[in-house]
Amino acid sequence: MQDFHTYLKYEFDELYALADGSFNSRGMSLSMFLQSATDFRRHLEAHHSIEEKYLFPILARKMPAFSDNEQHRNSHKQIHDGLDALTALIARFHSSLPSYSPTEFRACLDGFRDVLTRHLDEEVHDLQGENLRRYWTLEELSEIPI
């Protein structure tokens, strides 16, 4: 999971860095940049959907942070509120490319940057061996379908 979380943070940081228009220097048009933002959203939503459907229900049996209405699910909700705002912004900019505002795009990303980064780091921490040993035996972990 750490590798994928690292990749998601990289994607987010790339969007933020390129939002100033420097995507042009990388051979990207604004439409291509906006598509990369849509791709980031899809990657993150797919990742969270898999976690919530398959992994969290199993982990929640012994690890309260993965239960409904607890730390990780609450973070997902806050992150997805930010992704909803990003989706609306992408749609607006796609429909009128001249209206693109680097400041507005970055402000949208800033709106969920902290919760996203904190959440990704906390999940990795909670799923590291030392922490898992507090809740699960090696045999139990081997039975989790991942």
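Hi all, this is a short walk through two helices, one loop residue and two pockets of a predicted model.

Some housekeeping: residues are numbered from 1 along each chain as its sequence is written, and side-chain values use heavy atoms, with hydrogens and water left out. As the model is predicted, local features need pLDDT of at least 70 and side-chain atom pairs count only at pLDDT 80 or more, while totals for chains, interfaces and linings use all residues.

Let's start with α4, residues 102-126. Helices here are DSSP runs (H or I, at least four residues), numbered from the N terminus. Expected span is 1.5 Å times one less than the number of residues, so the 25 residues of α4 should cover 36 Å, and the end C-alpha atoms, 35 Å apart, agree with that. There is a bend of about 45 degrees at F112, taken as the angle between axes fitted to the seven residues ending there and the seven starting there.

F112 is also one of the buried residues of α4, along with others including F105, H119 and D126. Buried means under 20% relative accessible area, with a 1.4 Å probe and protein chains only. What do the buried residues of α4 pack against? They pack against α1 (2-18), α2 (30-59), α3 (71-95) and α5 (129-132), where contact means heavy atoms within 4.5 Å.

On to α3. Its 25 residues should also span 36 Å, and its end C-alpha atoms are 37 Å apart, which agrees. Its buried residues, among them H72, R73, L86 and F93, pack against α2 and α4.

Now find F66, in the loop between α2 and α3. Is F66 buried or exposed? Buried, because its relative accessibility is 1%. Beyond its neighbours within four places in sequence, F66 touches residues including F56, H72, R73 and D126. The C-alpha atoms of F66 and D126 are 9.5 Å apart, though 60 residues separate them along the chain.

Last, the pockets. A pocket is an open set of points on a 1 Å grid over the protein atoms alone, where a 1.4 Å probe fits, with protein on both sides within 12 Å along at least five of seven lines; lining residues have an atom within 4 Å of a point. The largest one holds about 220 Å³, and its lining, which includes M1, L55, V124 and I146, has nine nonpolar, two polar and no charged residues. The second largest holds about 170 Å³. M1, L55 and I146 are among its lining residues too, as are H47 and E51, and the classes there are eight nonpolar, one polar and one charged.

Note on methods
Helices (H or I, at least four residues) and strands (E, at least two) are DSSP runs, numbered from the N terminus. Buried means under 20% relative accessible area, exposed over 50%, partly exposed in between (1.4 Å probe, protein chains only). Grid points are joined across faces, edges and corners, and a volume is the space filled by probe spheres set on the points. Ala, Val, Leu, Ile, Met, Phe, Trp, Tyr, Cys and Pro count as nonpolar, Asp, Glu, Lys and Arg as charged, and the others, Gly among them, as polar.
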